[in-house]
Amino acid sequence: MRSIPFATIKEKVKEVCIETNYILGEDVIKSLQRALDQEESPLGREILNQLIENARIAREERIPLCQDTGLAVFFVELGDEVSIEGGRLSEAINEGVREGYGGGFLRKSACHPFSRKNTGDNTPAIIHYELVAGDRLKINFCAKGGGSENMSRVTMLKPSDGLAGVEDFVVNRVWEAQANPCPPIIVGVGIGGTMERAAFLAKKSLLRKIGEESNDGELAEMEKRLLKKINELGIGPAGLGGRSTALAVHVVMEPCHIASLPVAVNINCHSSRHGEILL
Ligand code: SF4
């Protein structure tokens, strides 16, 4: 068994919350630059220039990229030869969020669903666990903004709707979302499993770096086709028109019940903030 101290995890989580909210990933910046090179709409080009400039200011002045610093979402891969020394893993993650959002002056966005009373420290974090073989602990973090999250949908299509039905659902979802998820967006698509598994897959797909296509040739083709269809909608940067509505489409698929065809769409905004901890 390999033992990882509670304090190490807490410190790493604190750091990833702050750094991810201040520094936009290289993959996102490069894709914004690519979109700028291809954008024909003058207004669209201006918005893309502003987003790139915004990322530069946030990085250099160490301030959040966006006022919405998101709910703290984690995907944890815990090796079966790892033990946590000095406390529980969930507590280490939540404590790291508490300190990161406090120390980094990040907006706390977690609240009671009805009273809307803020929990005050951006906890509880949303934590998805997966047990894997080995002695490593991998934690992927995503600061998930409310505007893009609100545009997510899950549906249970009929098996006969097939591939065409899935693609129509995804493209219609983006069309209905219009400017709300802060385009240019990254569109996460989860297909198969059960209702909640499809939603999980859609969100997890957003962790993939922009520019990395699916390992599955059929899904890689689907991603390209969907990206083309979405960028032909004309929604554009900030919804003000143009061809850069999405920077990428990520599709993940698993087997499903013979009577079902679950599909989920989870959208990430241009402030696509994700970071990784490997211990
Ligand atoms: S959806 Fe993203 S870019 Fe828009 S306000 Fe929320 S975090 Fe910011």
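**Helix H8, two nonpolar cores and some local backbone features**

In helix H8, Glu-218 and Lys-228 are exposed, and they sit on the side of the helix away from its buried residues. The model is a predicted one, and H8 is a handy place to start looking at it. The helix takes in residues 217-231, and its end C-alpha atoms are 21 Å apart; since 15 residues at 1.5 Å a residue should span 21 Å, the two values agree. Which residues of H8 are buried? They are Leu-219, Ala-220, Met-222, Glu-223, Leu-226, Ile-230 and Asn-231. These residues cover an arc of only 160 degrees around the axis, so they fall on the same side of H8. The general background is simple: an α-helix has 3.6 residues a turn, so residues three or four places apart point the same way. As for what lies over the buried residues of H8, the cover includes helix H6 (162-177) along with strands E7 (185-193) and E8 (246-256). At the start of the helix, Asp-216 brings a side-chain oxygen to within 2.8 Å of the backbone nitrogen of Glu-218, the residue already noted as exposed.

Turning to the nonpolar interior, the largest core holds 27 residues, and Ile-9, Phe-74, Val-76, Ile-93 and Leu-137 are the ones with the most contacts inside it. Two or more residues come from each of helix H1 (6-22), strand E2 (71-79), helix H4 (89-103) and strand E5. H1 gives the largest share, with seven residues. Leu-137 shows how these pieces meet: beyond its neighbours within four places in sequence, Leu-137 touches Ile-4, Ile-9, Val-76, Glu-77, Leu-78 and Leu-89, as well as Ile-277, Leu-278 and Leu-279. There is also a second core, separate from this one, with 24 residues; Leu-157, Leu-226, Val-249 and Leu-261 are among them. Leu-226 ties this second core back to H8, where it is one of the buried residues. More broadly, nonpolar side chains in soluble globular proteins tend to be buried together.

Strand E5 (residues 137-144) pairs with strand E10 in the antiparallel sense, over six bridges. One of the pairs across these strands is Cys-142 with His-274, the latter being the partner in E10. E10 itself (residues 273-278) has two faces: Arg-273, Gly-275 and Ile-277 make up the covered one, while His-274, Glu-276 and Leu-278 make up the uncovered one. In a regular strand, side chains alternate between the two faces of the sheet. Ile-277, on the covered face, and Leu-278, on the uncovered one, both turn up in the contact list of Leu-137.

Is Asn-266, a residue of strand E9 (residues 261-268), buried or exposed? Its relative accessibility is 4%, so Asn-266 counts as buried. The side chain of Asn-266 has polar company, with a polar contact of 2.7 Å to the side chain of Ser-152 and another of 3.3 Å to the side chain of Lys-203. Past the neighbours within four places in sequence, the contacts of Asn-266 also include Lys-144, Glu-149, Ile-186, Val-187, Gly-188, Ala-202 and Leu-206. Ser-41 is a second buried polar residue to look at, with a relative accessibility of 17%. Ser-41 occupies the loop between helix H2 (26-38) and helix H3 (42-61), and outside its neighbours within four places in sequence it contacts Gly-241 and Gly-242.

A few backbone details round things off. Thr-123 and Pro-124 are joined by a cis peptide bond with omega about 5 degrees, and Pro-124 belongs to the loop between H4 and strand E4 (126-132). Another cis bond links Pro-183 to Pro-184, here with omega about 10 degrees; Pro-184 is in the loop between H6 and E7. Positive phi values appear at two residues other than glycine: Arg-62, near 50 degrees, and Phe-105, near 55 degrees. Arg-62 is in the loop between H3 and E2 and, at 39% relative accessibility, counts as partly exposed. Phe-105 lies in the loop between H4 and E4, and its relative accessibility of 72% makes it exposed.

Conventions:
Residues numbered from 1 in each chain as written. Predicted model: local features only at pLDDT ≥ 70, side-chain atom pairs only at ≥ 80, totals over all residues. Heavy atoms only, no water. Helix = DSSP H or I, 4+ residues; strand = E, 2+ residues; numbered from the N terminus. Expected span 1.5 Å × (residues − 1). Buried < 20%, exposed > 50% of the residue type's maximum accessible area, 1.4 Å probe, protein only. Arc of directions from axis to C-beta. Contact = heavy atoms within 4.5 Å. Polar contact = N/O pair within 3.5 Å; in protein donor to acceptor, adjacent residues only side chain to side chain. Pairing = 2+ DSSP bridges. Core = buried A, V, L, I, M, F, W, Y, C linked by side-chain atoms within 4.5 Å.
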